[in-house]
Amino acid sequence: MFISLSLLVITACEKLPVNEETPPASASTSPIRFNIGFKEEALPFSSTKSMPPNPISEPQVSEPVSETAQYNQIEYIVYKGSEITPMKKRHYTSDDENFGVICDSLPEGNYKIAFLAYSSPHPVLTEKNIFSCDSVSDTFFLLKDLEVQTDQEIETNITLQRIVSRIEFIATDLIPSSLAQFDIRVNNYANQFDILKKTGVIGSSETFTFSHIYTVKEIGTRNTKHSFYSFIPGTSQETSVTLNALDGQDNPYFHRTIKIHPQINKIIRYTGQLYTVPASDDIFNVEVNNEWEETINNDFPEIL
């Protein structure tokens, strides 16, 4: 999966997004127009094994995925030469009239330009070039070197790469009537991203919890999926994930802690019983699934 961008340095920008400042006209600057598009190349997942044997419905791509299904915000950040302080940074949302079109004007020189496309809530970009958010979404990024010359026209295609991993847990057993909530508690969570180092950052030692409250319609169904996204830490430190299935009085149906190494641009899927006390270790099959590359199966770790 990638987002395709067409970069065009032209003599004039016809339209500017709502929150874009109009660059001053000057013979020493070159107007730039970034046209941001989306290209969908997702393929159906390969077969997923489960334990006990139970076929899981695999997602099929029948309709193109819209841009806003993948991202609704864009960060545009410009660095001059080798400087680490941004020369300019702008934030765009899908509410902008011309979302996906960025017009700018830069003097002659060498630049690094960062593009970050995502849909995470409450984003923050710090002075140290660290992007953080409450909950990581599907995210795409590129840090591009660009040489700008006065009165020069440049046209090039740019591709943003996915920079996250998605961790999935699929339940093969039925949701019991007394089950109320499912929690995913994550420690060593890389919920931040270093723009210039191009790597994930574990910004806090606190536990992040992703909770799901079951509805009446979900009771008695199977093949439910719980998931979260993570940036890829710049260290080999493992991400610790604790799964908790709870009844209405917070009594545990299921409790399990596992160690995970998020992998860029890949889905790591655990399939098995989430709401039943296991009789053995063999309750999950582990699949590392990349919609764009290979599938790797591994044994589930021992119960802790």
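In this predicted model, residues 6-27 keep a pLDDT (the predictor's confidence in each residue, from 0 to 100) under 50. The model nevertheless has 63 contacts (heavy atoms within 4.5 Å) for residues 6-27 beyond four places in sequence. Over residues 295-300 the pLDDT is likewise below 50, and this stretch has 20 contacts in the model beyond near neighbours in sequence. The mean pLDDT of the protein chain is 75, and 68% of the residues score at least 70. Among the elements of the chain, the lowest mean pLDDT (47) belongs to strand E21 (residues 295-298), and the highest (95) to strand E13 (residues 192-194). Helices (H or I, at least four residues) and strands (E, at least two) are DSSP runs, numbered from the N terminus. Residues are numbered from 1 along each chain as its sequence is written, and side-chain values use heavy atoms, with hydrogens and water left out. Because the model is predicted, local features need pLDDT of at least 70 and side-chain atom pairs count only at pLDDT 80 or more, while totals for chains, interfaces and linings use all residues.

Strand E12 (residues 179-187) pairs with two partners, where pairing requires that DSSP finds at least two bridges between the strands. With strand E17 (residues 239-247) the pairing is antiparallel over 8 bridges, and leucine 179 stands opposite aspartate 247 of E17. With strand E15 (residues 208-213) E12 pairs in the antiparallel sense over 6 bridges; here isoleucine 184 faces phenylalanine 210 of E15. An open sheet of 4 strands has the order E7-E8-E13-E14, with antiparallel pairing. Its edge strands, E7 (124-125) and E14 (199-201), each pair on one side only. E13 and E14 are joined antiparallel over 3 bridges, with threonine 199 in E14 as the bridge partner of aspartate 194.

The whole structure contains 8 salt bridges, each defined as a side-chain nitrogen of Lys or Arg within 4 Å of a carboxyl oxygen of Asp or Glu. Glutamate 168 forms one with arginine 166 (2.6 Å, N to O). Glutamate 168 also forms a salt bridge with arginine 269, with the closest N and O atoms 3.0 Å apart. The latter pair links distant parts of the chain, arginine 269 lying in strand E19 (residues 267-272) and glutamate 168 in strand E11 (residues 164-171), 101 residues apart. Glutamate 168 and arginine 166 are both buried (buried means under 20% relative accessible area, exposed over 50%, partly exposed in between; 1.4 Å probe, protein chains only), and arginine 269 is buried as well. Arg166, Glu168, Lys225 and Arg269 are linked in a network of salt bridges. A further salt bridge joins arginine 185 and aspartate 183 (3.5 Å, N to O). Arginine 185 counts as partly exposed at 33% relative accessibility, whereas aspartate 183 is buried, with a relative accessible area of 3%.

The structure holds 12 aromatic pairs. Rings of Phe, Tyr and Trp (its six-membered ring) pair if their centres lie within 6.5 Å; planes under 30 degrees apart count as stacked, over 60 as edge-to-face and the rest as tilted. The rings of phenylalanine 131 and phenylalanine 231 are edge-to-face, because their planes stand at 85°, with centres 6.4 Å apart. Phenylalanine 131 lies in strand E8 (residues 130-132) and phenylalanine 231 in strand E16 (residues 225-231), so the pair ties together parts 100 residues apart in sequence. Both phenylalanine 131 and phenylalanine 231 are buried. Ring pairs link Tyr118, Phe131, Phe141, Phe193 and Phe231 into a cluster.
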